Amino acid sequence: MQTIIEVKNLVKSFKSGDSELVVLKGLDLSVPEGQFLSITGRSGSGKSTLLYQLGLLDNPNSGDIKIDDIDISKLDSDAKTRFRLNKLGYVFQDYALIPELTALENVLLPLLMQGESMSEAERKAKDSLIRIGLGDRMDNIPSKLSGGQQQRVSIARAIAHNPKIIFADEPTANLDTETSDQVLDAFIELHKQGQTIIMVTHEKEYSELTDRVVQLSDGKIISDIMNNRKK
Amino acid sequence: MQISTTQKFKNFLTSIKLGFFLAYRQVRGSSIGTTALIVFIMTLTFLNLVVVRGVLVGLIQSSTDLFREKYAGDIFISTLPKKTYIENSPSIVEIVKNMPWTDVYSVRYVESGTVEGTYKERIDFTEDANIANGVFTGIDPIKEQETTDIASMIIAGSMLTPEDTDSILLGANTLKKYLPIEAPGLLLLENVDVGSTVRIKVNGNLKEVTVKGIIKGKGAFDDRVVILDSVLRPLIARNDYNVDEIAIKIKDGVDPLVVKQALITSGVGENARVQTIEEALPKFLKDIQATFNLLGNAIGSIGLVVASITIFIVIYINAITRRKFIGILKGIGINSTAIEFSYILQSILYATMGVMFGLAILYGLLVPYIDANPINFPFSDGILVAEYSNTLMRAGLLLLATIFAGYIPARIVVKQNTLDAILGR
C-alpha cells in the first residue's frame, strides 16, 4: 500500500523562559494510505503535538514530513493553508464549529474556499451531513445541537471535501460513552470506505478499534503495534 | 505547489466571495443593540464631518449671499484705485444698460460725511456733538429697489421715494439704539429715530433732512446713510454724473466671467474696476471663509480620527473575542484574505449605514430646517452649506478611514499563530 505520511527525525521543542522543553525527540513514522491509526500515551507524552505537526497546524524545529509525496517543510504559509484545505480534514476535541453558522454552513465553508459554487457546495455538504446521520439537523446552529451532534458536524466538515487524511484530536474526550461510540462508528465507517484517519486518543477501548496503535512516552514512540485483534 | 497568476486571481475572487459569506453570517448573528450603537456612532461622526464645516462655511456663505443679493449684485463696477469716481460713467452705464445679459442694475454715488442729531436741543457746546460718521450713498430708489430689494431691509419707517429730497435712510449701525457698544473712536447717534431731524455734512456742505427709515439687513447698507442720488450729486459737486459704484445683476444661467470679460472688452476696465462677486468680496470675508473652511476641515479630521478609532476598537474587540474561531477557520484552510475581508466588509457596512442615516438626517431634516429657520448670528443668517460633491467626498473619506480601521485589527488577529488561536494559548 502506498505511503501517505513519511516522518523522519521529527523534533519539536517549546521555549519556556530560559529553558527549552523538548516534546518530540526525533520521531520516525510511516503511515500507509487508508490506515486508521491511533496515537496514544499519557498526558504530556507529545501525542497532540505530533498530530499538530502532521496536520500542518504547527511547525517542527527539525525533521522531515512528507505527505502525499510532498515535502511539507518546503511550503510557505499560504501553500500550507491551501494544502490543509485540499488534502486534510480536522476533528477537534471541542468540535471547533463556528457558532453563528448552521451545521450546513459550517460544513460548506471549506467547499466554498475550494471555489465550489454555492449550489454545488450545498449539495456536497448535505451529502456529507446525511452520510454522518445529521440530515435532519442541517439548519441548526451549534448551540442547538448536542455534543455528539456537534462532533458529527465537525466530522462532516472534515470529510465534505474528500481529504486525503483526517486528523482527529481526542474526538470523544468531551462526550459520554454512547455518543462517543456513535462518533467512533462514524470514523470506522469512513475508514471502511478507504479514508486515512489519524486519531489521538487516551482511551484504550477506542484505540483498539483502529488498525494500528502508536504509543508515545516522553516524546518517543515506545510501541507501534498493528492491531490484528481489531474489534 | 507554485500557482499561476490566473489561479491566484481566482483564489482572490473566491476569498472575496467567502468574505461576504462570513461577514453576512457574523452580522446576522450579532446583537442588534450593539450594531445599532455602532451605526449611531458612525451617523454622528458623519454629521460631525459635514455639519460642523457646513455651519462654519454657512455663516460666511450667507454673508456672501447677502453681499451679492443685497448690495453688489453679480458684477460690481467700482472706482479704480487712486480715483475718486468712475470716469466717463454715463457711457459705462449705457453699456451696462444695453448688455443682453443685464437683468437689473443700480448706480450709486458714495461719499463720506457726518450726520448730526439733536443739534437743535444742544445747549452745552463744551460737550461733543451728537455726531456719527457715515458713508453717504446716493441711489435711484426705483433702480435700487429692483436690484437689491432695499425696502425689505427697512426695519423702521419707510423707503425713500423719488420725491423724498429732504429725507434719508440711516443704517442701523450708525445708531446707538441698534448698536449699543462703546468703542474708541466709534461715533454713534443717540436719541435719533424715524422722524428725527438731522443735519448732514458732505463735502463741506450742510443740509437738514428727516430720517425716513432705518436699514438693517446684516449687509453693507447697515453702515450707510442712504440719500437720493439727485440730492447727493450737487452736494458732492458731481454734475458730470460720474458715479462711484454700479451693481449689476445678470440673467439666470449667464456666466459672470463672460459678462466681466465683455465689459472689459468694451473698454469699461480703463475707467473702472470690474469684478465678479467672488472677486469683489471684502478681504475679511474671504479670509474668514478660508479660515472657517480650514477650521471645519480640522474639526472634521478629528471626527474622522475618532470614527477610525471607534471602528478599530469595535473590530479589534470583535476579532480578539473570536480569535479561536479565526484560528479554526485558518486551520481548516480558509485563507487570511477571506477572513480579513469579512471584517473589512463589516466596517464598510457600519460606515455605509452610518452615512445613509446621516444623509437622511442631513438632507431630510437639517438642511431644510436651517434653510427655513436660519441661525441668527449677529453678522449673518447662518445656513447649512452641504454641497452634494463635498458631502459625498466626506462620506468617501469616512468609508476609506473605516476600511483601514477595520482591516488593521483584523490583520493583527489573523496573523497570530493558528494553533495558539485554536487552543486559546
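**Entry 1: a pair in the chain A sheet**

I started with A:Leu88 and looked for what sits across from it: A:Leu88 stands opposite A:Ile165, which belongs to strand 7 of chain A. I'm working with a predicted model here, so I keep that in mind throughout. The two strands in question, strand 6 and strand 7 (residues 165–169) of chain A, run parallel and are joined by four bridges.

Then I zoomed out to the whole sheet. It is an open sheet of six strands in chain A, with the order 6-7-8-3-9-10 and mixed pairing. Which strands are at the edges? Strand 6 (88–91) and strand 10 (220–226) of chain A, since each pairs on one side only. From one strand to the next, the twist averages 15°.

I also checked what packs on this sheet. Helix 6 (residues 177–192) of chain A does, touching strand 3 (36–41), strand 7 and strand 8 (196–200) of chain A. The direction of helix 6 makes about 150° with that of strand 8 of chain A.

**Entry 2: strand 3 of chain A**

Next I picked strand 3 of chain A. How many of its residues are buried? I found six of six, so I noted it as mostly covered. Side chains in a regular strand alternate between the two faces of the sheet. I sorted the residues by side: A:Phe36, A:Ser38 and A:Thr40 are on one, A:Leu37, A:Ile39 and A:Gly41 on the other, and all are buried. Both faces of strand 3 of chain A are covered, then.

I looked up its partners too. Strand 3 pairs with strand 8 of chain A in the parallel sense over four bridges, and A:Ser38 has A:Met199 as its bridge partner there. With strand 9 (residues 212–217) of chain A, strand 3 pairs in the parallel sense over five bridges. In that pairing I found A:Thr40 opposite A:Gln215.

**Entry 3: where the chains touch**

I turned to the contact between the chains. It takes 23 residues from chain A and 22 residues from chain B. On the chain A side, helix 2 (77–87) and helix 3 (103–113) each supply at least two residues. Helix 2 of chain A gives the largest share, six residues. I wrote down the make-up of the chain A side: 14 nonpolar, two polar and seven charged.

**Entry 4: strands in chain B, and a loop**

In chain B, I followed strand 2 (102–117) and strand 3 (131–139). They pair in the antiparallel sense over eight bridges, and B:Glu116 stands opposite B:Ile131 of strand 3. Strand 3 of chain B also pairs with strand 8 of chain B, this time in the parallel sense over five bridges. B:Thr137 has B:Val226 of strand 8 as its bridge partner.

The loop between strand 2 and strand 3 of chain B holds B:Asp124. Is B:Asp124 buried or exposed? I counted 6 other C-beta atoms within 10 Å, so B:Asp124 is exposed. I also compared its place with B:Ile248: the two are 124 residues apart in sequence and 47 Å apart in space, C-alpha to C-alpha.

**Entry 5: two helices of chain B**

For helix 4 (residues 141–148) of chain B, I listed the buried residues: B:Pro141, B:Glu144, B:Thr147 and B:Thr148. Why do they end up on the same side of the helix? Because they cover an arc of only 130° around the axis. Among the elements covering them are helix 2 (32–72), strand 8 (224–228) and strand 9 (245–250) of chain B. Right after helix 4 comes B:Asp149, with a positive phi near 55°.

Helix 11 (residues 388–414) of chain B got a length check. At 1.5 Å a residue, its 27 residues should span 39 Å, and its end C-alpha atoms are 38 Å apart, so the two agree. Its buried residues include B:Leu398, B:Ala405 and B:Val413. Their cover includes helix 2, helix 8 (283–321), helix 9 (323–331) and helix 10 (336–372) of chain B.

**Entry 6: positive phi values**

Last, I looked at two residues that aren't glycine but have a positive phi. A:Leu56 has a phi of about 60° and lies in the loop between helix 1 (47–54) and strand 4 (62–67) of chain A. I found 23 other C-beta atoms within 10 Å, so A:Leu56 is buried.

B:Asn203 has a phi of about 55°, in the loop between strand 6 (197–202) and strand 7 (205–215) of chain B. With 14 C-beta neighbours inside 10 Å, B:Asn203 counts as partly exposed.

Key: Residues are numbered from 1 along each chain as its sequence is written. Chains are lettered from A and ligands numbered from 1 in the order in which they are written. This is a predicted model: local features need pLDDT of at least 70, side-chain atom pairs count only at pLDDT 80 or more; totals for chains, interfaces and linings use all residues. Two strands pair if DSSP finds at least two bridges between them. Axes are lines fitted to C-alpha atoms, for helices over the stretch in contact, and angles run from 0 to 180 degrees between N-to-C directions. Two residues are in contact if their C-beta atoms, placed from the backbone, lie within 7 Å. Ala, Val, Leu, Ile, Met, Phe, Trp, Tyr, Cys and Pro count as nonpolar, Asp, Glu, Lys and Arg as charged, and the others, Gly among them, as polar. A residue is buried if 20 or more other C-beta atoms lie within 10 Å of its own, exposed if 12 or fewer, and partly exposed in between; C-beta atoms are placed from the backbone. The arc is that of the directions from the helix axis to the C-beta atoms. The expected span of a helix is 1.5 Å times one less than its number of residues.
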